[in-house]
Amino acid sequence: MQIKLNGCYAIYSWHWDIPEDEVCGICRVSFDGTCTTCKYPGDECPLVIGECQHAFHMHCIWKWLETETAKGLCPMCRQPFTMDKDKDVN
Ligand SMILES: [Zn+2]
Ligand SMILES: [Zn+2]
Ligand SMILES: [Zn+2]
């Protein structure tokens, strides 16, 4: 799949450094795609990986953590969700 942006630019050429079948635990969309509120993958819709090693779209986990039921917990393992800042997901 190709999307043309400022000439010929294959936006699907990059890949996050994670297993290919990995999907966001919140929106169930592949990490090669975006969260439900973004149109194009890339820096606009980055991944975050928690210390529990669960990964989500940044927007998805933000929205989740804002809900009352979240209580700051990872939706996958119910541990306090802390972003793993040492990890370079680029
Ligand atoms: Zn997501
Ligand atoms: Zn997004
Ligand atoms: Zn987790």
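**Three zinc sites in one predicted chain**

H54 is partly exposed, with a relative accessibility of 24% (buried means under 20% relative accessible area, exposed over 50% and partly exposed in between, with a 1.4 Å probe and protein chains only). The model is predicted, and local features need pLDDT of at least 70 while side-chain atom pairs count only at pLDDT 80 or more, whereas totals for chains, interfaces and linings use all residues. Residues are numbered from 1 along each chain as its sequence is written, chains are lettered from A and ligands numbered from 1 in the order in which they are written, and side-chain values use heavy atoms, with hydrogens and water left out.

H54 binds the zinc ion (ligand 3) through ND1, together with the SG atoms of C52, C74 and C77, at 1.9 to 2.3 Å (donors are N, O and S atoms within 2.8 Å of the metal, or 3.2 Å for Na, K and Ca; water is not among the atoms, so sites may look incomplete). The arrangement is tetrahedral because the 4 donor atoms subtend angles of 107 to 112° (for four donors, the term requires all angles to lie between 85 and 135 degrees). Along the sequence these donor residues follow the spacing C-x1-H-x19-C-x2-C, and the pair H54 and C77 links distant parts of the chain, H54 lying in the loop between β1 and β2 (55-57) and C77 in the segment after α1, 23 residues apart (helices, H or I, of at least four residues and strands, E, of at least two are DSSP runs, numbered from the N terminus). C77 is partly exposed, with a relative accessible area of 24%.

The zinc ion (ligand 2) is held by C35, C38 and C45 through SG and by H59 through ND1, at 1.8 to 2.4 Å, and its site is tetrahedral, with angles of 96 to 119° among the 4 donor atoms. Here C35 belongs to the segment before β1 (47-49) and H59 to helix α1 (residues 58-66), a pair 24 residues apart that links distant parts of the chain. C35 is buried at 2% relative accessibility, and H59 is buried at 18%.

Around the zinc ion (ligand 1), the protein donors are C24 (SG), C27 (SG), H57 (ND1) and C60 (SG), which lie 2.1 to 2.3 Å from the ion. C24 lies in the segment before β1 and C60 in helix α1, so this pair ties together parts 36 residues apart in sequence. Both C24 and C60 are buried, the relative accessible area of C24 being 0%, and C27 is buried at 18%. Angles of 101 to 117° among the 4 donor atoms make this arrangement tetrahedral.

Note on methods
Four donors count as tetrahedral if all angles lie between 85 and 135 degrees; four count as square planar and six as octahedral if opposite donors are over 155 degrees apart and all others between 65 and 115; anything else is irregular.
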